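User: I'd like a close look at one part of this model. Please take it slowly and show me how it fits into the rest.

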Amino acid sequence: MIQLYQPLNFMGMVYREIKQGVVDIEKMFDVLLKNPEVKDLPGAKPLAVQNGTVTFEDVRFAYDPNRPILKGLSFEVPAGKTVAIVGPSGAGKSTISRLLFRLYDVSGGRILIDGQDIRQVTQTSLRAAIGMVPQDTVLFNDTIRYNIRYGRWDASDAEVEEAARTAQIDAFIKASPKGYETEVGERGLKLSGGEKQRVAIARTILKAPPILVLDEATSALDSHTEREIQDALERVSRNRTSLVIAHRLSTIVGADEILVVDQGRIVERGRHGQLLAANGLYASMWNRQREAQEAREKLALIGDDE
Ligand code: ATP
């Protein structure tokens with residue numbers, strides 16, 4: 001009996017080590033995702049965040065030198081405010097968030113956080129200051145609790161659950177087979193795009209960064225899910241400097257400033273009401289999205305009748 005028990009015990013130890021290894025592999029993954037061309041300058045200092053003002057000064061960028069994507073973008077996200085970026089597909093919206101996270105270096109102009117050029121600070125300190133809610137969140141093959149705790153490893157169970165409540169994902173988790181211990185990811189419970197995005201929001205709540213970048217998922221959501229995500233986003237972005245890359249205009253009506261980007265340039269800017277009154281690109285995008293939403297809702301009603 002003892003003989004059998006020993007190897008099992010050993011296996012348990014190995015399993016724990018492998019699991020620990022998984023965490024390290026994830027860190028390695030983060031490193032692999034980095035662009036080798038983006039390097040810390042010799043003697044780079046950590047970013048000193050005072051209040052988290054983000055400034056883009058005449059930013060230019062091209063993935064391929066023959067095809068400019070951003071052609072001189074200037075704007076500021078004042079501390080604690082929300083600026084939204086909208087525009088047609090391929091306009092360069094997500095590129096703006098990648099540049100702020102310094103996945104690439106700008107080809108011209110500069111990006112500043114509290115007056116510091118992001119090329120002159122360490123990448124580690126820059127990324128610690130920014131919470132990214134990407135379009136498509138990667139879930140690990142582990143429990144939902146583990147997936148939320150990824151935002152801050154030393155968070156307590158109570159903090160994980162509090163973050164889930166704020167992110168409006170708590171009711172979904174409680175209704176899952178094993179609650180917070182439910183396995184998710186490839187081999188476990190599959191989550192919809194909206195649910196994954198709420199897991200990402202919960203992670204960001206735990207991380208509590210001074211600056212937030214939300215890259216909204218492109219997929220159309222039903223109005224109920226959209227409302228829940230909207231509430232979660234409002235809570236997480238309150239009093240934080242937030243840059244929102246928006247695909248659904250209904251999510252950014254309350255933004256402090258909306259920038260309309262087309263072909264790498266800001267073509268309109270202002271608050272929702274001002275842009276509607278201007279009757280330009282934003283107003284036409286708004287009308288198109290409203291009509292599409294109304295058509296979807298009509299179809300859903302017909303579906304309910306049948
Ligand atoms: P969408 O609304 O469809 O998400 P977007 O406005 O966010 O679009 P970006 O993802 O910023 O657009 O892409 C801008 C342009 O840059 C596109 O034409 C795209 O094909 C190109 N692009 C994006 N990523 C890369 C890359 N890694 N290498 C080369 N070109 C890229």
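Which residue of S10 does Ile258 stand opposite?

Analyst: Happy to walk you through it, with one reminder: this is a predicted model. The residue opposite Ile258 in S10 is Gly270. That pair belongs to an antiparallel pairing of S9 with S10, which holds five bridges. The two strands form a hairpin with two residues between them. In that turn sits Gln263, whose phi is positive, at about 45 degrees.

Ile258 also has a partner on another strand. Ala84 has Ile258 in S9 as its bridge partner. Here the sense is parallel, with four bridges between S3 and S9.

Now let's step back to the whole sheet. It is an open sheet of six strands with mixed pairing, and its order is S6-S7-S8-S3-S9-S10. Strand S6 (130-133) and strand S10 (265-270) are at the edges; each has a single partner strand, so one side of each has no neighbour in the sheet. Direction ignored, neighbouring strands here are turned by 20 degrees against each other on average. At the S6 end, four bridges connect S6 with strand S7 (residues 211-215), and the two run parallel. One of the pairs there is Gly131 with Leu212, its bridge partner in S7.

Helix H2 packs on this sheet, touching strand S3 (82-86), S6, S7, strand S8 (241-245) and strand S9 (257-262). The direction of H2 makes about 145 degrees with that of S8. Helix H7 is placed across S6 and S7, and it runs at about 170 degrees to S6.

Back to your residue and its place in the interior. Ile258 is among the residues with the most contacts inside the largest nonpolar core, along with Ile148, Ile201 and Ala202. That core has 67 residues. The element that gives the most to it is helix H7 (residues 193-207), with six residues. As background, nonpolar side chains in soluble globular proteins tend to be buried together. For a sense of how such a core residue is surrounded, take Ala202: beyond four places in sequence, it is in contact with Ile148, Gly151, Ala163, Ala164, Ala167 and Ile169.

H2 deserves a little more attention, since it links your sheet to another one. The other sheet is also open, with four strands in the order S2-S1-S4-S5 and antiparallel pairing. Its edge strands, strand S2 (70-77) and strand S5 (116-117), each pair on one side only. Helix H2 (residues 93-100) packs on this sheet too, touching strand S1 (54-61), S2 and S4, and its direction makes about 115 degrees with that of S1. Within this sheet, strand S4 (residues 108-113) and S5 are antiparallel and are joined by two bridges. Ile113 is the residue opposite Gln116 in S5.

How covered is the helix that touches both sheets? H2 is mostly covered, with six of its eight residues buried. The buried ones are Lys93, Thr95, Ile96, Ser97, Leu99 and Leu100. Just after H2 comes Arg102, which has a positive phi near 55 degrees.

H2 residues turn up by the ligand as well. Lys93, Ser94 and Thr95 are among the residues that come nearest to the ligand, together with Tyr63 and Ser89, out of the 11 residues around it. The make-up of that shell is three nonpolar, seven polar and one charged residues.

For contrast with the core around Ile258, look at Gly109, which is in strand S4. Gly109 counts as partly exposed because it has 16 C-beta neighbours inside 10 Å, and buried would take 20 or more. Setting aside residues up to four places away in sequence, Gly109 touches Glu57, Asp58, Val59, Arg60 and Gly72.

Finally, the wider setting. The chain holds 10 helices and 10 strands. Of its 306 residues, 32% are buried. Among contacts with a separation of 6 or more, 73% are between residues 24 or more positions apart. To gather the picture around your residue: Ile258 stands opposite Gly270 in S10, is the bridge partner of Ala84, and is one of the residues with the most contacts inside the largest nonpolar core.

Methods:
Residues numbered from 1 in each chain as written. Predicted model: local features only at pLDDT ≥ 70, side-chain atom pairs only at ≥ 80, totals over all residues. Near = placed C-beta within 6 Å. Nonpolar A, V, L, I, M, F, W, Y, C, P; charged D, E, K, R; others polar. Core = buried A, V, L, I, M, F, W, Y, C linked by C-beta atoms within 7 Å. Buried ≥ 20, exposed ≤ 12 C-beta atoms within 10 Å, placed from the backbone. Contact = placed C-beta atoms within 7 Å. Pairing = 2+ DSSP bridges. Axes fitted to C-alpha atoms, helices over the stretch in contact; angles between N-to-C directions.
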